[in-house]
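Visitor: I have a structure to go through with you, and I'd like to ask about it piece by piece. Could you take a look with me?

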Amino acid sequence: MNWIGLVAALTAFFCIWVGHVAVRKIEFVSPTIWFPTFIFISLGLFTEYLSLITAQLPLQTALGIAGITLLWDALEFIRQQNRIKKGHAPANPNNPRHAKILAEHSSATTIDLLKREPTGSPLLLGERLGVREKP
Amino acid sequence: MNYFGLLIGIATLLIIGLGFPLVIRGERYLGYLWWPYMMGIGLVGISASLFISTNWLSVVIGVLGATFVWGSTELKEQAVRTELGWFPFNGNKIKPPFENIIKKWRAPHL
């Protein structure tokens, strides 16, 4: 049995999951995006450095994967902000940065349009707005 | 310096990158109800990695499996994206075997 593949798979899965959720939550509340981006780049580079100086193979692999996902998450902050502008993710009116986006982009919305079950057919415009984010 | 972890990290990024078209195309042509099959393929991949003695290959197969499992949890949301008009909607999807049973299960989303 070679456990290295399982270590890599679990690390990749949980880092994608945590990163996916963290980027959305942090972008939602953060007044700037440069600050979380900077933090994630720093953490990612430091994690890669730790991987380089670790001799033990499973740990080195986990750190290598975790570091790259942190660097990807850093890039996701700007992508998430673009989703807010397009209305593909809900804006937070209590966040001054999002309030500005809501004022400047007519496509931006506080409604989470993805929070619904698939119906099997394209939605009409009226149906789209039927579901509001739960308070 | 031990470069294995860094190289594996970069390989992982490329493999996860494959997950994007996998979810988009998979949902378009097959539909989100194929999620248990996609998850199954992923779990088979992760299990197979245990029996591969070459480290880099074991890792690649394991991460590929993890990407399929993650992708299976993204299919439902992708289906909603196509219904909202954010991605092309295809009305003629290939139905999965045991569709009626799968419909009774709650499709995972993380």
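Visitor: Let's start with one side chain: is F77(A) buried or exposed?

Guide: This is a predicted model, and in it F77(A) counts as buried, with a relative accessibility of 0%.

Visitor: Which ring does F77(A) pair with, and in what geometry?

Guide: The partner is F40(A), and the two rings form an edge-to-face aromatic pair, with 5.1 Å from centre to centre and 75 degrees between the planes. The pair links distant parts of the chain, since F40(A) sits in helix α2 of chain A and F77(A) in helix α3 of chain A, 37 residues apart. F40(A) is buried as well, at a relative accessible area of 11%, which is under the 20% that sets the limit for buried.

Visitor: And the helix that holds F40(A), how many residues does α2 of chain A have?

Guide: Helix α2 of chain A covers residues 34-53, which makes 20 residues, and from its first C-alpha to its last it reaches 29 Å, close to the 28 Å expected at 1.5 Å a residue. Its buried residues are P36(A), T37(A), F40(A), G44(A), T47(A), E48(A), S51(A) and L52(A). Viewed down the axis of α2(A), these buried residues fall within an arc of 150 degrees, so they line one face of the helix.

Visitor: What covers that buried side, and what does the other face of α2(A) carry?

Guide: The cover over the buried residues of α2(A) includes α1 and α3 (57-86) of chain A, together with α1 of chain B. On the face turned away from the buried side, α2(A) carries the exposed residues W34(A) and L45(A).

Visitor: Moving to the nonpolar packing, how many residues does the largest core have?

Guide: The largest nonpolar core has 16 residues, and those with the most contacts inside it are A8(A), A12(A), F13(A), I65(A), V59(B), V63(B) and A66(B). The elements that each supply at least two residues of this core are α1 (4-29) of chain A and, from chain B, α1 (4-29) and α3 (55-83). Of the contributions to this core, that of α1(A) is the most, with six residues. As general background, nonpolar side chains in soluble globular proteins tend to be buried together.

Visitor: Which residues is A66(B) in contact with, leaving aside its neighbours within four places in sequence?

Guide: With those neighbours set aside, A66(B) is in contact with A9(A), A12(A), F13(A) and I46(B). There is also a second, separate core of nine residues, which includes L33(B), L75(B), A79(B) and I102(B).

Visitor: F13(A) has come up twice now; which aromatic cluster is it in?

Guide: F13(A), F14(A), W17(A) and W70(B) form one aromatic cluster. Over all chains, the count of aromatic pairs comes to nine. In one of them, the rings of F13(A) and F14(A) have their centres 5.5 Å apart and their planes at 85 degrees, so this pair is edge-to-face. F13(A) is buried, with a relative accessible area of 13%, whereas F14(A) is partly exposed at 41%.

Visitor: Now chain B on its own: how many helices and strands are there?

Guide: Chain B has four helices and zero strands, and from the N terminus on its elements run α-α-α-α. The C-alpha atoms of chain B fill a box of roughly 50 × 30 × 20 Å along the principal axes, and buried residues make up 47% of its 110 residues. Among the contacts in chain B between residues at least 6 apart in sequence, 79% join residues at least 24 apart.

Visitor: What is unusual about the backbone at F98(B)?

Guide: F98(B) has a positive phi of about 60 degrees although it is not a glycine. For context, most residues other than glycine have a negative phi. F98(B) is found in the loop between α3 and α4 (99-104) of chain B, and at 62% relative accessibility it counts as exposed.

Visitor: One more ring, then: what lies over the face of F89(B)?

Guide: That is K93(B), which lies over the face of F89(B) at 4.3 Å from the ring centre.

Key: Residues are numbered from 1 along each chain as its sequence is written. Chains are lettered from A and ligands numbered from 1 in the order in which they are written. This is a predicted model: local features need pLDDT of at least 70, side-chain atom pairs count only at pLDDT 80 or more; totals for chains, interfaces and linings use all residues. Side-chain values use heavy atoms; hydrogens and water are left out. A nonpolar core is a set of buried Ala, Val, Leu, Ile, Met, Phe, Trp, Tyr and Cys residues joined through side-chain atoms within 4.5 Å. Buried means under 20% relative accessible area, exposed over 50%, partly exposed in between (1.4 Å probe, protein chains only). Contact means heavy atoms within 4.5 Å. The expected span of a helix is 1.5 Å times one less than its number of residues. The arc is that of the directions from the helix axis to the C-beta atoms. Rings of Phe, Tyr and Trp (its six-membered ring) pair if their centres lie within 6.5 Å; planes under 30 degrees apart count as stacked, over 60 as edge-to-face and the rest as tilted. A charge sits over a ring if NZ of Lys or CZ of Arg is within 6 Å of the ring centre and within 35 degrees of the ring normal.
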